[in-house]
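Biologist: Could you walk me through this model? I would love to go through it step by step.

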Amino acid sequence: MGYRIDGFEQDGIYHIFTRGVEKRNLFLDYNDRIRFRLLLLHCLPNKSILSFSHAQKLKQKPELTSNGSGLVDILCYCLMDNHVHLLLRENVESGITKYMQRILNSYAKYFNVRHDRTGVLFGSRFKSVPVISDEQLLHVSRYIHLNPSEAKIVKNPFAYPWSSLGQYVRESREEYSHPDFILNLMNGGYREFVLDHIDYGQTCAAYPELLIDDE
């Protein structure tokens, strides 16, 4: 399995996209999504870690690292059926590369065992696009959070349980992301920002290179 290892800079922010090989579904049921989301936390520490299964046997609960202390900060995430969007800030050199290797390798092994399959699960490379301004950062976060409603999976984006949006609008007590970095950039409420579809449409036209789609 190959991974992108070039182009990442410490303290840089990147829109990351990975999908199933041949656009196959990555998540077949609730348990698959739970496993991937727990891996988002398990793979964060900036130190050697146990395998997820071993950590579970020792009853070690995955926890969100404090801002800036893990390999990356998870600014946003969204789990779709056959792809995943992440908005990551790299905290240490090669942090994104190491983090993504941990997650994708661990999840692929789990998925193949659980679903009695062999072979690669993810496409050969994950895509990454640098975010270079605060304005872009806000718009990319909205794009990621609106992915389920734009794909017609749900009508109400706030009803989708597999993204960080609930944490952004304080409707979820579960912590799988670091929202404060983006929320501190807001002049108004994040809910209103997400629902501003006119501005969203203008954003898609203005920043097509940032808004990675499942091509």
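Modeller: Happily; here are some questions and answers on the chain, one helix and one loop residue. This is a predicted model, where local features need pLDDT of at least 70, side-chain atom pairs count only at pLDDT 80 or more, and totals for chains, interfaces and linings use all residues. Residues are numbered from 1 along each chain as its sequence is written, and side-chain values use heavy atoms, with hydrogens and water left out.

Biologist: How many helices and strands does the protein chain have?

Modeller: Helices (H or I, at least four residues) and strands (E, at least two) are DSSP runs, numbered from the N terminus. Their order from the N terminus is β-α-α-β-β-α-β-α-α-α-α-α. The count is 8 helices and 4 strands.

Biologist: How far apart are the end C-alpha atoms of helix α1?

Modeller: The expected span is 1.5 Å times one less than the number of residues. Helix α1 has 13 residues (30-42), so 18 Å is expected, and the model agrees: its end C-alpha atoms are 18 Å apart.

Biologist: Which residue caps the N-terminal end of α1?

Modeller: Look for a polar contact, a pair of N or O atoms within 3.5 Å; within protein, one must be able to donate a hydrogen and the other to accept it, and residues adjacent in sequence count only if both atoms are side-chain atoms. Here a side-chain oxygen lies 3.2 Å from the backbone nitrogen of N31, and the capping residue is D29.

Biologist: Is N82 buried or exposed?

Modeller: N82 sits in the loop between β2 and β3. Buried means under 20% relative accessible area, exposed over 50%, partly exposed in between (1.4 Å probe, protein chains only). Because its relative accessibility is 13%, N82 counts as buried.
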